[in-house]
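User: Before I plan around this model, could you take me through its confidence, its core and its cavities?

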Amino acid sequence: PLQLSKATTMRGSLPIFTLLGKLADAIPVFADILVVKHSNLVDHLPLGLMYPNEGVKAAVCYLYGKLYSSPVGTERLSAHFEEKLCGLFLNTLGHAQTKELQVNCLGLLKELLKSDHFVSILMNNSRTEEESENSDFLEGENPLPLVLKKFLLTRDEMLQAASSHCVAAVVVHSPSRYAPAFIHADVPEFLFECLLCNSEILIWSVYCCLLLLTEERLFFSKCHTVYGIESLVRSLQDVLQLNNVELHKQGLLLFTEILKRQPVEITLFTNRGICLDAIDVLMKTVDCPVLEVVVEALCVIARFLCLKPIKYLWGPSRWKCSVSWLPLQSEEDSSLLWYPLCVCRLAVEFQSDPMAQENAFTAPGSESKETLSNFSEFLLRICDSLCIPMVMNYLERAVSSAVMEVFISALNTLFMVVPNMRIKFSKKLASSSFIRLTLELKARFCSVQRYCTFPIIACLLILVLCLEQEMSELLQKGLPQLNYTVAESLLLLAENPEAFSLDQSLCSHQHCFILLSYFAYTLGDRFVPEAELFLAIRNFLLSAQDRGDCPPPYILRAVLYLLAVCQDKGKGLDSRSLCTIRRILDNLPDLGLVYVHCPLLLEFFLRYPELMGRFGRQVLQLWFSWEDCSQTEAEEAGFGLPDQLSSANPLLPILKSNSSILLILLDLVCSSSVEVAQKVLLTLRTFLERSEDVLVCDLLRSRFLQILQQLLVESTNRNLPILLSLLFLVQLRSKGMRELDSTDFKLLHQVSNLCGKCRPRDTDLLQPSLNFLYWSLHQTTPCSQQRAVAVLLSNVSLLELLQKVLECTWTRSFPSEPAYLSPEDALLCSGWLLAASLLIYQHRYNAEVHQTLTLDLTEVLNAVIFRKKKPILLLVSIMQFLRAVLRQNFSSSLLVIVIQNTAHGATQPQPSSLEDAALHPLAMQQVCSLLVSLQNLLVHKDLLLSQAVVACLETLLEYLCSLASPSLPALHVASQPWHRFLLLTLLNGGQKSVLQPEILRLMTLFVRYQSSNVISQKEISLILREAAKANLPELPEATSRALHLFLRQVRNVSNVGTAVWYWSFSWAFPSVSTHAVNDRCLGGVAVSLAHIGD
């Protein structure tokens, strides 16, 4: 200070000012010493600012900056600044030309702006708020914003950064007081311009300054955001290339605030290109690996989507990128959940907007994948797979009302995003325990006043989950007041009603919780333990009965369902509870009002005799009315059903444990509609196929007689075919030979009489009836068989019907390639098989005949010779009839044979030769044609067809041998050269084909008639070698029997060496029963394989 006083000129003081500034910078307490002890020095400093030398001014400003950086200096020099320095300093700042002076002035300003008092002086705070809103405010009265704006105009990034920092330092003290001055001075425009630079420091300073200015509404009303949005987007594009996370976050935060505060009436994006650039920037930001940056980006996107003009530019592909994942680490991140909520609401808004239904940029005639529908499905899927699990994981760590309120609001909106998936989404949420979660959260937060909106949102979610028109009104009224935990709600059901005699809300609360439990259980959310819920529901019923209340039907339905679902976990209902349930149900006009189609409810009613006796029939009627038991019959397996149907039919195990239910089912067959009766039949059929209880069949058979007699009175009863099918099924279930009792003969009589009243086109009645008659002949002992034949032959109307059915064979046109056996074809098969059986057994037992059958032999032969794509089973059936006729040498009391002179337009040759005369009524040409046709059929290698063909060949040769001159036709037929080619063709199938029963029987036939030109010793040796290799006891019964007959025939006609072979094999053959029964149902036709292959 002494040297300063000796300086004669101000220029001479420059070194002293410089030295003092450096000392103050190096020694922190030096500035305090100057202020306290050398005040005359401070008074001398303003003279330096008035000296017209910027070097001196720069040194003085630097020293002032050090003095005001000290708290002591700030306090002691406050009056000095207001009285002497303020105006002088602003003038110096405004007219500074050199870089040194500009920097030192801004440094001093930075120190001054730390004090609210100095800021008030600098900003001339004498103006009122009304003056700050006045656009005519004289900017010259407040030079600081203009001075700082001038620095922003320079190309020096350091000065621009310092200027923007000073603007922020002023506004941060009070944005409402100081921001208008800068806004009126158009400082924001120059700040936005500064964003187009490469300096990270400058960009950061501008971001901070603009962020403070956004707090003033004048910033938006002056349209500074509209002017600067392009610069901001360009800046973000460049900033994302930098490795500066904080800068990324600050820029996105500024973008978020602008989007949040932008007035609706002012369009932010006036240029479509800038809008698209902004979207691309946001998408790149979402892909950033830094979590904090992604958090800010999602906040920006959430606000961005709220701009109405934006939604048409935000394609589904961009949406998919933006919702790919969502971080949630703490309660502070709960605001992020507003982003998916916003997207969901926007998708819902699109559904009513025609402009959003199609992509406007799709070429005509092409299909775009970026559609609202595809995006909505994606949105639901991404929230289901990512957002919901993320929130649930967060809830495992902490429970936040803010998070859950937004989360449940988003879920409510999701229900409307894809309306056709609403039910599926509800079921998935419920199965994930969302009903319990929402109920518990509602009970937890409902008592807090500031969370008053949470229960409403929670109730809305539960209502959507439990959507049902009948109950929605009760839930809507009761849920807002149901503020109990699960444990408290269970106690509520068991509360003594006397304690709440004046509280009308008890009943509403109980009903509401029961409905919630019902919906939760039906949707898979068993949020209440079964045993506890079972006990609570039982107590609720008893309490209601004690006070004389009868719950409404929808509450009873829920109660019964919950009891049924929880009964396995409980101890069962006592007699008092069962009587209560019965009394309540008796008062209902229709049990269907409380019925739920659920296997457990069915088991519940059939479990207790008190309920089954009173309501069993009604419940089973409702069960089959709702159940879908339709199953196509397998063509070759007859009535066989897959195991899946058995396991999926819950009634089957109940029938197994309580066979008395069968009687109820039989009543349903008779008294219900055709649809219900068919479903009952399917269930009974499946049960009988798997039941080993013969007593069940006896029980059904005795009951069938009464039902059949009852239904026959009603000639138009549509359930009669179904009952006949079930009658046949019971017969099919009975295995082995069985003596027919009086019930069987009465059934036989009733069914045969019914057949006589039918017409050939009544296939639904005739098919099961003929099956029953056929099986009655083949599944019984000879004694009962004789009586059964007599009963059938005494029924003239039955034989007349059979005559008509057989004649339909000649008039029916068969399809070229029959894929399955039609009902008409099946009836023809059953007719021919029954006619063949009647011929055989009438001849065997010499039964009395009251009505004969008349058939044209030529038509029968031509049916086999000219097959015309007939079904295989029909050919087998006709061959069985032909065998029966041949065995009786065309002489039967039951059959009258007619021979036409022509067939298929060809002249029938007259029996002019001795062969034709011996074969009469056959002709040699017919025999040869029949033989060729049988050979061709044998090549088809169908098991059933092969059995029938070989048996027919055997019978044909036996018939030829029985004639007066057997050496002529029989040996001629057996020695045809074509037979050897046929035999070699059949043997060419490999080693396994050698021991086929049909081939063995055919070779036995050739050996028997000594056809040496057909079968040689080589083929015989081949059979013997294969037999030696085989394990004879393990051979199928048919193969073992055929091999036994072959070896015996070989022994009879061969030398002693071959006989030794037979005796070496004979000991190994098991005992073969000639009366083995092997019955099947093929395509709905009853077929006895023993009858076919005998």
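The turns below treat these topics one after another.

User: What is the average pLDDT of the protein chain, in this predicted model?

Analyst: The structure is a predicted model, and 77% of the residues score a pLDDT of at least 70. Taken over the protein chain, the pLDDT averages 77.

User: Which element has the highest mean pLDDT, and where does the pLDDT fall below 50?

Analyst: Helix α10 (residues 129-133) has the lowest mean pLDDT among the elements, at 40, whereas α46 has the highest, at 94. Stretches below 50 include residues 902-909, which nevertheless have 13 contacts in the model beyond near neighbours in sequence. Where pLDDT is low, the predicted coordinates should not be read in detail. The element with the highest mean is thus α46, and one of the stretches below 50 is residues 902-909.

User: Which helix gives the most residues to the largest nonpolar core?

Analyst: The largest nonpolar core has 223 residues, and F604, L620 and F881 are among those with the most contacts inside it. Leaving aside neighbours within four places in sequence, F881 is in contact with residues including W832, A835, A836 and L839. The helix that gives the most to this core, with 14 residues, is α46 (residues 823-845).

User: How much space lies in the largest cavity?

Analyst: A search of the whole structure finds eight cavities of 30 Å³ or more. The largest is lined by 13 residues, with R701, Q731, R738, L740 and D744 nearest its centre, and by class the lining has five nonpolar, five polar and three charged residues. The space in this largest cavity is about 160 Å³.

Note on methods: Residues are numbered from 1 along each chain as its sequence is written. This is a predicted model: local features need pLDDT of at least 70, side-chain atom pairs count only at pLDDT 80 or more; totals for chains, interfaces and linings use all residues. Side-chain values use heavy atoms; hydrogens and water are left out. A nonpolar core is a set of buried Ala, Val, Leu, Ile, Met, Phe, Trp, Tyr and Cys residues joined through side-chain atoms within 4.5 Å. Buried means under 20% relative accessible area, exposed over 50%, partly exposed in between (1.4 Å probe, protein chains only). Helices (H or I, at least four residues) and strands (E, at least two) are DSSP runs, numbered from the N terminus. Contact means heavy atoms within 4.5 Å. pLDDT is the predictor's confidence in each residue, from 0 to 100. On a 1 Å grid over the protein atoms alone, a cavity is a set of points where a 1.4 Å probe fits but cannot get out, and a pocket is an open set with protein on both sides within 12 Å along at least five of seven lines; lining residues have an atom within 4 Å of a point. Grid points are joined across faces, edges and corners, and a volume is the space filled by probe spheres set on the points. Ala, Val, Leu, Ile, Met, Phe, Trp, Tyr, Cys and Pro count as nonpolar, Asp, Glu, Lys and Arg as charged, and the others, Gly among them, as polar.
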